[in-house]
Amino acid sequence: MLKCRTVWRKLAPLAKSSSTLCRQNVRRAGLNNGRTPVCVPAAHMSSGPVGGGGDNLKYALLVGAVSVGGLVYAVVTMKSDQKRYEQRIEELSTRPQKTSTKPTAAQIQSEPPAVPEDQPAAAPSIEEPSSPAEVEAPKEETAPETTTPPVADSTPVSLKLPAHAPYLLIGGGTASFAAARSIRARDPGAKVLIVTDEPDLPYMRPPLSKELWFSDDPAVTDTLRFKQWNGKERSIYFQPPSFYIRPEDLDGAENGGVAVLNNRKVVYMDVRGNKVKLDDDTEISYDKCLIATGGIPRNLQLIERAGEEVMKRTTLFRKIEDFKSLDKVSRNVKSVTIIGGGFLGSELACALGRRSTESGLEVIQMFPEKGNMGKVLPEYLSNWTTEKVKKEGVKVLTEALVKSVTCKDDQLEIKLKDGRVVTTDHIVAAVGLEPNVDLAKSAGLEVDSDFGGYRVNAELQARSNIWVAGDAACFYDIRLGRRRVEHHDHAVVSGRLAGENMTGASKPYWHQSMFWSDLGPDVGYEAIGIVDSSLPTVGVFAKATAKDTPKAATEMSGTGIRSESETEDTAVSPVASDTPSPAAENKDDFGKGVIFYLRDKVVVGIILWNVFNRMPIARKIIKDGEEHADLNEVAKLFNIHED
Amino acid sequence: MSLSGVFCSYRQEGKDKIIFVTKEDHEASSNAELVEEDPNDPYEEQGLILPGGDINWNCPCLGGMASGPCGTEFKDAFSCFHYSKEEIKGSDFMEQFTAMQQCLQLYPELYPQEDEASPKQSSKDSAAEGPSAANSNPAPEQDSDTSNPNTESSPGS
């Protein structure tokens, strides 16, 4: 049966063209003989008046030659197909011993180049054993005469990648995992396929720039385990491998499951056909799809153009492999420079700065702003924070704009625009994230020009059956307006929401996500909403009394950093409660408090500065969106003087 | 330029206002008005039990119990327990519970053996506490729930 079909398919176009030729001849013969032209279906070739009977012979010979040629071709191709088929069957039967799915998938799914262009769909779709659980076979436009019914084959279904995933999640990070979990909770027996170009199972990012650096375990780069604020240890991976099922087992899994396909990139998205194509040409169709592709770290253009020697001494930090590599580098060089003064740059600077006390490593941090977190914290607080970062052993260069980077004598020379020169061994560039919108073009999805990322609505939907969550989603926040958020909790919240909506919830983004950061023993904060230093702010701080010390706040908050901290903060002046006004800024102790960010007199963002477990109140205030006449009254709700 | 009052001090730095307050300043209760909460707001995060009485399988308090490889068994067991009308609640669901136990035993990495009894225990507790139990009883598995920063790596949130 198989063979006949193959043969027919191969012969069909040839048969068509040769039959056309035959019909041509009849018509010409008809004209020549003066008979009424035979009414034939529209000929594909136009013909002009022909010569005499001698030409008939030529045509007969031509037709004969074509038929014979076609037959020969068909036989040859069939034979090679058979050979290929047999090879595949043989290879499939040896597959149970293989652990890696990568080569096998490539061999089954990729179209053999030998097959001519007008037959590509036919051959693979016949030869590949379709799983009985398959609902929609991939629709091939190039082979309209085939309906590709699932072909029963001797190859066990479990050895093949699914050609269809009811829930397809592109990207294997935090948002994707949160969505997978949400889907599985809400849709009994759901089959979820995560496709990621990373080699790792889904993991959380924050410890890569914080807790993992403070671990006492020398094997931490292998175990990737850290101590949480409550003292319990855990892995950065959301779940151990036993939580997941293999992609090959997804179709047959009675109760469904979450499968992760690693080291595969989705390169093309066909929205109309509800399917995607991977970098190995595998096609997977879906019912619902989530795009959670995150982003890639930005680099300074002048570093990219500075050449190989500079690039290989530069780290762009985002993934597990970057953590491992920076850890190694930091143990082997004398000086490392971090370019960037935001969350990542400052956290890494503090983490490395702490190491510098043991190893003598020189840690430099440089950025264009006037102080650490200059785009987030109001100026007075940013300056205060910078002093704290310096206490962590970091040489901070503010208002630093890099002009050039060159490699000299195995070291890097960074020249700043104001003339300062910094010599260092290694650079970490923490200058932002470029959201990954590679699929926008093929999918025809809108990209936001203000914030970057895929533009989605308040329910995180881009198109029917397509949602976007996490760093790559530019969404409409009902309370705060259109935005794109690059924080961990947002990835969790948006991933969860996307998963809910993929299973029919139709809920908008409503539960406001939060974020946090730690910079040394004296600076830890949680924040929510829009926290932009260009907005007017009102900060309410607990006045230092004899009872309050940052050390007390430190111990109560209980992070790994703080509990291990031994430094006493010297800026506290407990006696100074009635010091008159012109106290110099650095004598102010911004030990703990709450800062409100205002837009048109409405609180749109809140930072809880060294005060913890009050996030629900902050969330409530943002949600209400009310104008409050006296923010000191609002600040009372936080009980900042309590622990 | 700042004004020192008897208790709190206040100053303005450009667009940013800074207020220092002592404990006494904040002793009087706040007169800030907050909007009344709607307990049935469909947009809000739900607790373990939904307004209609059904179980919210996506509740962060359940951890990954409902989504993991034993998710189906867990849901069956817990549903039976939840809807049980027996006087001793759950006395009629031994079959489902056993099935769940058997499944949990297959994944010791995910469901550590010593906590075998706990999924039932914590679910019972959560159910008893009602809708407000959203984040109070995280399931005792290896993985902490991802949407509650408390059980993740975040410091003291």
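# Two chains, their helices and their salt bridges

Let me start with chain B, which has three helices and three strands, and whose elements, taken from the N terminus on, run β-β-β-α-α-α. I should say at once that what we are looking at is a predicted model, and I will try to keep my wording in line with that. Of the 157 residues in chain B, buried residues make up 50%, and among its contacts with a separation of 6 or more, 42% are accounted for by residues 24 or more positions apart.

Chain A, for its part, has 17 helices and 28 strands. Buried residues make up 53% of its 643 residues, and residues 24 or more positions apart account for 67% of the chain A contacts that have a separation of 6 or more.

Let me turn to one helix pair in chain A. Helix α5, residues 174-186, and helix α13, residues 488-502, pack at an angle of about 35 degrees, and their axes are 7 Å apart. The crossing in which α5(A) passes α13(A) is right-handed. If you want to find this contact on the screen, look on the α5(A) side for A:Thr174, A:Ala175, A:Ala178, A:Ala179, A:Ser182, A:Ile183 and A:Arg186, which meet a set of residues in α13(A) that includes A:His488, A:Ala491, A:Val492, A:Gly495 and A:Arg496. What is the make-up of the residues in this contact of α5(A) with α13(A), in terms of nonpolar, polar and charged? They divide into seven nonpolar, five polar and three charged.

Please keep A:Arg496 in mind, since this residue also takes part in a salt bridge, in which its side chain meets that of B:Glu45 at 3.6 Å, N to O. B:Glu45 lies in the loop between β3 (16-21) and α1 (71-83) of chain B, whereas A:Arg496 lies in helix α13 of chain A, and therefore the pair joins two chains. The two partners can also be described by their accessibility: B:Glu45 is partly exposed, with a relative accessible area of 31%, while A:Arg496, at 8%, is buried.

That brings me to the salt bridges in general, of which the count over all chains comes to 34. One that I would like to show you is within chain A, where the side chains of A:Glu347 and A:Lys210 meet with an N to O distance of 2.9 Å. Why can we say that this pair ties together parts that are apart in sequence? A:Glu347 lies in helix α10, residues 343-359, and A:Lys210 lies in the loop between β2 (191-195) and α6 (220-223) of chain A, so the parts brought together are 137 residues apart in sequence. Are these two residues buried or exposed? With the cut-off for buried set at under 20% relative accessible area, A:Glu347 counts as buried at 5%, and A:Lys210 is likewise buried at 6%.

A salt bridge of another kind of placement is found in helix α16 of chain A, residues 615-624, where A:Asp624 and A:Lys620 are four residues apart and hence separated by about one helical turn. Their closest N and O atoms are 2.9 Å apart, and both A:Asp624 and A:Lys620 are buried. This pair belongs to a network of salt bridges that links A:Lys620, A:Lys623, A:Asp624, B:Glu37 and B:Glu44.

Staying with α16(A), the helix is mostly covered, in that eight of its 10 residues are buried, among them A:Met615, A:Ala618, A:Ile621 and A:Ile622. Which elements cover them? The cover includes α13, which we met earlier, together with β24 (514-518), β25 (524-529), β28 (602-609) and α17 (631-636), these being elements of chain A. Just after α16(A) comes A:Gly625, which takes a positive phi of about 65 degrees.

I will finish with a sheet in chain A, an open one of three strands in the order β14-β15-β16, with antiparallel pairing. Its edge strands are β14 (402-408) and β16 (421-424), each of which pairs on one side only, and neighbouring strands of the sheet are turned by 20 degrees against each other on average, direction ignored. Strand β15, residues 411-416, pairs with β16(A) in the antiparallel sense over four bridges, and within that region A:Lys415 stands opposite A:Val421 in β16(A).

Conventions
Residues are numbered from 1 along each chain as its sequence is written. Chains are lettered from A and ligands numbered from 1 in the order in which they are written. This is a predicted model: local features need pLDDT of at least 70, side-chain atom pairs count only at pLDDT 80 or more; totals for chains, interfaces and linings use all residues. Side-chain values use heavy atoms; hydrogens and water are left out. Axes are lines fitted to C-alpha atoms, for helices over the stretch in contact, and angles run from 0 to 180 degrees between N-to-C directions. A crossing is left-handed if the near helix is turned anticlockwise from the far one by less than a right angle, and right-handed if clockwise. Contact means heavy atoms within 4.5 Å. Ala, Val, Leu, Ile, Met, Phe, Trp, Tyr, Cys and Pro count as nonpolar, Asp, Glu, Lys and Arg as charged, and the others, Gly among them, as polar. Two strands pair if DSSP finds at least two bridges between them. A salt bridge is a side-chain nitrogen of Lys or Arg within 4 Å of a carboxyl oxygen of Asp or Glu. Buried means under 20% relative accessible area, exposed over 50%, partly exposed in between (1.4 Å probe, protein chains only).
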